[in-house]
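This report covers charge pairing, surface character and helix packing in one protein chain. Please keep the sequence and the 3D view open while reading.

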Amino acid sequence: MRKSLQIAGAYIGIIVGAGFASGQEILQFFTSFGLLGIIGGVIATFFFAFLGMQLTQLGSKLQTDSHKAVIYHICGRYLGVVVDIIITFFLFGVTVVMMAGSGSIFEQQFGLPAMVGNVVMAVLTILTVCLNVQKLLSVISWITPYLMVLVLIITGYSLLTMDQSFTALEAVAKKQPAAASNWLLGGLLYVSYNIAAGAAMLAVMGGTTKDAKVAGRGGILGGLGLGLLILLINIGMFAKLDTLQGVDMPTLLLANQLHPVLGALMSIALLGMIYNTAVGMLYAFAARIVKPGNSKFKPAVVGFGILAFASSFIGFIKLVGTVYPVMGYLGFTIMAAIIVSWARSRKEKAEKQEGEIAV
């Protein structure tokens, strides 16, 4: 169970980037649909748990140290090549975005030059990725309980101090910009985007244990934890939606309304989420190019980390931003491939059991 919880914490830590923890993504994909957004959150929870279980179990069974084997297993020989290339590109792109995002928080929250945040995040990310993968999971998973506690406090505060009826808030929600045309698509799209980014590291995490049940349990618990965070942040923001118009970081605003100290703690949580995502993405990217354990792995990590740091200043974020819609379609491709692979394995298992009974 300890190993499962470690995988679960790391799963949450990698998926929950700055956009998730800040509440901005939850606001657009769920809260903007009012109470129906809660149903969207439940559906997203199911898929996060199911897909997390499948990817970690496959990683365990194939004993992979990069996403390549798992992607080829579920997508096949030809589609696997395309998906592999796109995932590898996005792993590097998300690393760049996280480093740039750190600079923005240092500038906005602490009044320091953005470059300081970029440098600090780049150095911490490179040093952490140079650790072995077991230590990496421990580092990534530690921030998750801390974030859970903060989100529980913020949600409780929002519900206790809400001054609008649910009917009035429903009307406010309809005026919010939404990331999808309806609540169902919003929930599915949110899973799709995140699985496209997190599939690589989920496969690697599964490969750290030979017990597929332990790995799968970690995937399920991580998915349920993500769902709980989605629902809590969604409900907390819905209760105070009338005060969150045009706010870039809603959860940070709610934390500051409760107490400046909680606001500062939330800022640290946001940086922790950025750090987790950057570490997970850089490790998965480097592991796909150079096999971990190879003498060239750590020098490669340093080189890729420096390149990502440099890219955060030359407009690479805009490049990734224009290609992000492709990430959603990629996620749906991975989701469909996993479901087909699961159904096929279930059928093969049933046929095998029938054959044994016949004999």
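The sections below deal with a salt bridge, a nonpolar patch and a helix crossing.

## Salt bridge

The model is predicted. Searching the whole structure gives 1 salt bridge. Its partners are Arg288 and Asp84, whose closest N and O atoms lie 2.7 Å apart. The pair joins distant parts of the chain: Arg288 belongs to helix α14 (residues 260–289) and Asp84 to helix α6 (residues 79–110), with the two positions 204 residues apart in sequence numbering.

The two partners can also be described by their accessibility. Asp84 has a relative accessible area of 4% and is therefore buried, the cut-off being under 20%. Arg288 has a relative accessibility of 21%, so this residue counts as partly exposed.

## Nonpolar surface patch

Which residues form the nonpolar patch on the surface? They are Met1, Leu5, Ile220, Leu221 and Leu224, and together they have about 430 Å² of accessible area. Helix α12 (residues 212–239) gives the most to this patch, with 3 residues.

Leu224 lies in helix α12. Its relative accessibility is 44%, so Leu224 counts as partly exposed; exposed would require over 50%.

## Crossing of α1 and α12

Helix α12 also packs in a crossing with helix α1 (residues 2–15): their axes come within 7 Å and cross at roughly 45 degrees. Because of this angle, α1 is oblique to α12. The crossing in which α1 passes α12 is right-handed.

Technical notes:
Residues are numbered from 1 along each chain as its sequence is written. This is a predicted model: local features need pLDDT of at least 70, side-chain atom pairs count only at pLDDT 80 or more; totals for chains, interfaces and linings use all residues. Side-chain values use heavy atoms; hydrogens and water are left out. A salt bridge is a side-chain nitrogen of Lys or Arg within 4 Å of a carboxyl oxygen of Asp or Glu. Helices (H or I, at least four residues) and strands (E, at least two) are DSSP runs, numbered from the N terminus. Buried means under 20% relative accessible area, exposed over 50%, partly exposed in between (1.4 Å probe, protein chains only). Patches are made of residues with over 30% relative accessible area and no salt bridge: like charges are joined within 9 Å, nonpolar side chains (Val, Leu, Ile, Met, Phe, Trp, Tyr) within 5 Å. Accessible areas come from the Shrake-Rupley method with a 1.4 Å probe; for residues, only the protein chains shown count as cover. Axes are lines fitted to C-alpha atoms, for helices over the stretch in contact, and angles run from 0 to 180 degrees between N-to-C directions. Angles under 35 degrees count as roughly parallel, over 145 as roughly antiparallel, 65 to 115 as roughly perpendicular and the rest as oblique. A crossing is left-handed if the near helix is turned anticlockwise from the far one by less than a right angle, and right-handed if clockwise.
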